[in-house]
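Please read the report below alongside the sequence and the model, and follow each named element as it comes up.

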Amino acid sequence: MRIDILTLFPELFLGITENSIVKRAIDKNIANIQVHNIRDYTTNKHNKVDDSPYGGTAGMVMQIQPIADLIEKLKAERNYDEIIYTSPDGDVFKQSTANAMSLYDNIIILCGHYKGIDQRIRDIYITKEISIGDYVLTGGELAAAVITDSIVRLIPGVISDIESALSDSFQDNLLAPPVYTRPADYKGFKVPDVLRSGNHKEIAKWEMEQALKKTKKLRPDLLKNNYDK
Ligand code: ADE
């Protein structure tokens, strides 16, 4: 899968592309993440990429030209399944969105900054707007990093034990059950006996009960979603 990220702040992506699971996916050629600096595409002789908004409101708006030229260049090179804009206006990102997007071949994620981008970019090019929650970030970069991370870990072959992605919180609208590792007894705090029993059927039953109990207590709204489906 190829993800092209369009941003004014490419350095913000080093945190995910140079560490942990996303780095491993890149090294294994399972994910190809290309981060493009929008400023490199401006034709303005002072390298300007933004201007004040028509109508006189405060702040700056990212201009069409560099973004449009960059998107046109990428679209001429390959077909994209989706051109995404990260924005608080978008559909709220969920595990189900990540699952669907992990099957795509090529996507573009455009990160907004300042007061946002010229509306005409959204009208002409954007096929999907995604918000990562009901709060406002200084820009779309952290949202794009969150989306990229959650999609890449779902691509087959990225996490060696596919079970581990399938048993995540939210995959069945359930929070994940508690997990334990050695030692079995830490200062009298013991690992539940069933997990050390070797009885896989009993362990699976216990995990499901714990997941349900935890979800009922912490996120009862998720269980309601199961019935709404
Ligand atoms: N840009 C600014 N705030 C955002 C949010 N909550 N989600 C996605 N992109 C954003």
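## Charged pairs on helix α3

In this predicted model, K73 and E77 lie four residues apart in helix α3, so about one helical turn separates them. Their side chains form a salt bridge in which the closest N and O atoms are 3.2 Å apart. K73 is partly exposed, with a relative accessible area of 35%, and E77 also counts as partly exposed, at 44% relative accessibility. E77 has a further salt bridge, in which its side chain meets that of R78 at 3.3 Å, N to O. Through these shared partners, K73, E77 and R78 are joined into one network of salt bridges.

Helix α3 itself covers residues 64–77 and lies across four strands, namely β1, β2, β5 (82–92) and β6 (106–111). With respect to β1, the helix runs at about 165°.

## A charged pair on helix α2

Another salt bridge is found between the side chains of D27 and K23, with a distance of 2.8 Å from N to O. These two residues are four places apart in helix α2, and about one helical turn therefore lies between them. D27 is exposed, with a relative accessible area of 54%, whereas K23 is partly exposed, at 33%. In the chain, the count of salt bridges comes to 10.

K23 belongs to helix α2, which spans residues 20–27. When neighbours within four places in sequence are left aside, K23 is in contact with I16, T17 and E18. K23 and V158 are 135 residues apart in sequence, while their C-alpha atoms are 9.9 Å apart in space.

## The open sheet

Five strands make up an open sheet, in the order β2-β1-β6-β5-β7, and their pairing is parallel. The edges are taken by β2 (32–37) and β7 (128–131), each of which has a single partner strand, so that one side of each is left without a neighbour in the sheet. On average, and with direction ignored, neighbouring strands of this sheet are turned by 30° against each other.

The pairings can be followed strand by strand. β1, which covers residues 2–7, runs parallel to β2 and is joined to it by six bridges; L6 stands opposite H36 in β2. Five bridges join β1 to β6, again in parallel, and here I3 stands opposite I107 in β6. β5 and β6 also pair in the parallel sense, over five bridges, with E82 standing opposite I107 in β6.

## The enclosed strand β6

How many of the six residues of β6 are buried? Six of the six are buried, so the strand is largely enclosed by the rest of the structure. Both of its faces are covered, with N106, I108 and L110 buried on one side and I107, I109 and C111 buried on the other.

## A buried arginine and a nonpolar surface patch

R122 is found in helix α5, which covers residues 119–124. Is R122 buried or exposed? R122 has a relative accessible area of 14%, below the cut-off of 20%, and it therefore counts as buried. Apart from neighbours within four places in sequence, R122 is in contact with Y85, S87, D89, I117 and E129.

At the surface, Y135, L137 and L142 form a nonpolar patch, and together they have about 280 Å² of accessible area. One of these residues, Y135, is found in the loop between β7 and α6 (141–152). Y135 is partly exposed, with a relative accessible area of 44%.

## The chain as a whole

The chain contains nine helices and nine strands, and 43% of its 229 residues count as buried. Taken along the principal axes, its C-alpha atoms fill a box of roughly 70 × 40 × 35 Å. The accessible surface of the chain comes to about 13,700 Å², and 52% of this belongs to carbon and sulfur atoms. Among contacts with a separation of 6 or more, 75% are between residues 24 or more positions apart.

How values were computed:
Residues are numbered from 1 along each chain as its sequence is written. This is a predicted model: local features need pLDDT of at least 70, side-chain atom pairs count only at pLDDT 80 or more; totals for chains, interfaces and linings use all residues. Side-chain values use heavy atoms; hydrogens and water are left out. Two strands pair if DSSP finds at least two bridges between them. Axes are lines fitted to C-alpha atoms, for helices over the stretch in contact, and angles run from 0 to 180 degrees between N-to-C directions. Contact means heavy atoms within 4.5 Å. Patches are made of residues with over 30% relative accessible area and no salt bridge: like charges are joined within 9 Å, nonpolar side chains (Val, Leu, Ile, Met, Phe, Trp, Tyr) within 5 Å. Accessible areas come from the Shrake-Rupley method with a 1.4 Å probe; for residues, only the protein chains shown count as cover. A salt bridge is a side-chain nitrogen of Lys or Arg within 4 Å of a carboxyl oxygen of Asp or Glu. Buried means under 20% relative accessible area, exposed over 50%, partly exposed in between (1.4 Å probe, protein chains only).
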